[in-house]
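Could you walk me through this model in the viewer, one selection at a time? I would like to know what to pick next and what I will find there.

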Amino acid sequence: MATSYLIRRERFIAAPASAIFEVLATPALHSVIDGSGTVTGEQPNGPQRLSEGARFGMDMKIGAPYKILNTVVEFDEGKRIAWRHFSRHVWRYTLQEHDGGTLVAEEWDARSAPGRPLLKLLGFTRKHPESIERTLENLEHYVTSKRQ
């Protein structure tokens, strides 16, 4: 499968993995850290904190507002969390704690998505690298400002 359907960026954040993971596992904070400008908020009645198999809805906007339902498909407390929705591409975060902080990797993995050509045509493979970098920057700012 083409590597353009797996986009990965990393950032070292001077915070413990537990603090970073807590943000990632809290749907209400996804719009706060989102670097794409498409996540506008969480939908009501979802879990306050994500876990394996949890289903949670997000309010989104790409041109017009819409709602999306996600399912957590990977979960290893403090180390890895990933979710996907109907199009089957996966948003994944992995955390590796080191002295002085945590190496955080974010991935957009569409290698198994049935509509890969459409995702590319719509520009997702072109836009996601920059959006992911901004998300990691926002995550760092949020986590480190809360610790001061």
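Start by selecting Arg-84 and Val-90: Val-90, in strand 6, is the bridge partner of Arg-84. Keep in mind as you go that this is a predicted model. Now widen the selection to residues 80–84 and 90–98, which are strand 5 and strand 6. The two run antiparallel and are joined by 5 bridges.

**The sheet around them**

Next, show the whole sheet. You are looking at an open sheet of 7 strands, paired antiparallel, in the order 1-7-6-5-4-3-2. Colour strand 1 (6–13) and strand 2 (39–42) to mark the edges, since each of these pairs on one side only. If you look along the sheet, the twist from one strand to the next averages 25 degrees.

Add helix 1, residues 17–24, which packs on the sheet. Helix 1 touches strand 1, strand 4 (64–76), strand 5, strand 6 and strand 7 (101–109). Compare its direction with that of strand 6 and you will find an angle of about 165 degrees.

**Rings between the strands**

Now for the aromatic side chains. How many aromatic pairs does a search of the whole structure find? There are 3. For one of them, select Phe-56 and Trp-83: their rings meet edge-to-face, 5.6 Å centre to centre, with 85 degrees between the planes. Phe-56 sits in strand 3 and Trp-83 in strand 5, so this pair ties together parts 27 residues apart in sequence.

Keep Trp-83 on screen and add Tyr-93. This pair is tilted, with 35 degrees between the planes and 5.8 Å from centre to centre. Because Trp-83 belongs to strand 5 and Tyr-93 to strand 6, the pair ties together parts that are 10 residues apart in sequence. Show the three residues together, and you have a cluster of Phe-56, Trp-83 and Tyr-93 linked by ring pairs.

Are these rings buried or exposed? Phe-56 and Trp-83 are both buried. Trp-83 has 7% relative accessibility, and Tyr-93 is also buried, with a relative accessible area of 5%. Both values fall under the 20% cut-off, which is why these two residues count as buried.

**Following the charges**

Switch to the charged side chains; the structure holds 13 salt bridges. Begin with Arg-92 and Glu-107, whose side chains meet at 2.6 Å, N to O. This salt bridge links distant parts of the chain, with Arg-92 in strand 6 and Glu-107 in strand 7, 15 residues apart. Both Arg-92 and Glu-107 are buried.

Then select Arg-8 and Glu-10, another salt bridge, at 2.9 Å from N to O. Here the surroundings are partly open: Arg-8 has a relative accessible area of 36%, and Glu-10 is partly exposed at 46% relative accessibility. Glu-74 and Arg-80 come next, with their closest N and O atoms 3.0 Å apart in a salt bridge. Arg-80 is partly exposed too, with a relative accessible area of 33%.

To see how these pairs belong together, select Arg-8, Glu-10, Glu-74, Arg-80, Arg-92, Glu-107, Asp-109 and Arg-111 at once: salt bridges link them in a network.

**Two loops with positive phi**

Most residues other than glycine have a negative phi. With that in mind, which residue in the loop between strand 5 and strand 6 should you pick? Go to Arg-88. Arg-88 is not a glycine, yet its phi is positive, about 75 degrees. Its relative accessible area is 40%, making Arg-88 partly exposed.

For a second example, move to Asn-45, in the loop between strand 2 and strand 3 (55–62). Asn-45 also has a positive phi of about 75 degrees without being a glycine. At 81% relative accessibility, Asn-45 is exposed.

**Two last stops**

Select Ala-64, which is found in strand 4 and is partly exposed at 46% relative accessibility. Draw a C-alpha to C-alpha distance from Ala-64 to Thr-38: it reads 10.0 Å, for residues 26 apart in sequence.

Finish in helix 4 (residues 124–147), at Ser-131. Ser-131 is buried, with a relative accessible area of 10%. What is Ser-131 in contact with, leaving aside its neighbours within four places in sequence? Show Gly-35 and Ser-36, and you have the answer.

How values were computed:
Residues numbered from 1 in each chain as written. Predicted model: local features only at pLDDT ≥ 70, side-chain atom pairs only at ≥ 80, totals over all residues. Heavy atoms only, no water. Pairing = 2+ DSSP bridges. Helix = DSSP H or I, 4+ residues; strand = E, 2+ residues; numbered from the N terminus. Axes fitted to C-alpha atoms, helices over the stretch in contact; angles between N-to-C directions. Contact = heavy atoms within 4.5 Å. Buried < 20%, exposed > 50% of the residue type's maximum accessible area, 1.4 Å probe, protein only. Salt bridge = Lys/Arg side-chain N within 4 Å of Asp/Glu carboxyl O. Phe/Tyr/Trp six-rings, centres within 6.5 Å; stacked < 30°, edge-to-face > 60°.
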